[in-house]
Amino acid sequence: MSSDLDSVKHDVAIANRVLSVAGLAAGALASLGHVSMRVPGEPDKFVVKGRGLAFDVLGAVRDEDMVVCDLNGFLIEGPKGATQPNEVMIHSSILRARPDVTSVVHVHPRYAVVLSTLGHTMRPVAREGMPLVREPLPVYPNVALVTTQEEGTELANVLGTRQAALLFGHGAVTVGTDLEDAVMNMVNLEEQAKMNWYAYCAAGPDHARIPEEMIQAERNKPRFDDLPHMKDLVQQAGVVHARGAWQNYAHLAEQE
Ligand SMILES: [Zn+2]
């Protein structure tokens, strides 16, 4: 009989494979990164991809490759031979500092990394990931892997109350209220980074951005499910938000 913990391990394994399907852990980056999620009802524990697996790439991890850790980064349980990821402190420190966060993602996404090294401040140039970069992203100012308690705490302090932060020349972290939220924040952050890279190459470091007033103005528009031609249909269908990209990635990850 499967337990709640087995169910969490399954969902976390799928979310790790989603990062591969989404191209955030491919090629030279295939084994770099991890997703974590708190254990429901036991907020001082979380499930994350283990390290030292026989085939240690995100696209191949299975439910049984997941490990359970505490908020100080210590291993509670896991398969024989597996350890916590070497950057487990990213997860434990952020989950300790942010009770509002259920899930943390860390990968080394190419466009976000190169922009961090260039010192180019991402700004909204496309809708995807726009909310994440309306204010300059916080940057953890060290290329070294986050392996100690002190480094993890410093990263959590840099992140503060934000949903995303960059690690200089190294990677990015995103957080969310569930796995989908945290993973899609990373997908959209890298999409926004790619569009910033295009803008940087086309128009230089002072390229234009979507004006803040325009973003604000949209927030004052009526919701689409309040519009006369949509209202009844949306109520009948019960559709509250579009999740197509996540569903597509999760479906593909289930097949792997
Ligand atoms: Zn890393």
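This tour visits a zinc site and then an aromatic pair in a predicted model. Residues are numbered from 1 along each chain as its sequence is written, and side-chain values use heavy atoms, with hydrogens and water left out. Local features need pLDDT of at least 70 and side-chain atom pairs count only at pLDDT 80 or more, while totals for chains, interfaces and linings use all residues.

**The zinc site**

Select the zinc ion first, together with Glu 87, His 106, His 108 and His 170. Glu 87 donates through OE and each of the three histidines through NE2, at 2.0 to 2.1 Å from the ion. Donors are N, O and S atoms within 2.8 Å of the metal (3.2 Å for Na, K and Ca); water is not among the atoms, so sites may look incomplete. Along the chain, the donors have the spacing E-x18-H-x1-H-x61-H.

Now select His 108 and His 170, a pair that links distant parts of the chain, 62 residues apart. His 108 lies in the loop between strand 5 (103-107) and helix 3 (110-118), and His 170 in the loop between strand 7 (164-167) and strand 8 (171-176). Helices (H or I, at least four residues) and strands (E, at least two) are DSSP runs, numbered from the N terminus. Both His 108 and His 170 are buried, meaning under 20% relative accessible area, with exposed over 50% and partly exposed in between (1.4 Å probe, protein chains only).

**The aromatic pair**

Move next to helix 6 (residues 179-203) and select Trp 197 and Tyr 200, which are three residues apart and therefore separated by about one helical turn. Trp 197 is partly exposed at 27% relative accessibility, and Tyr 200 is partly exposed at 23%.
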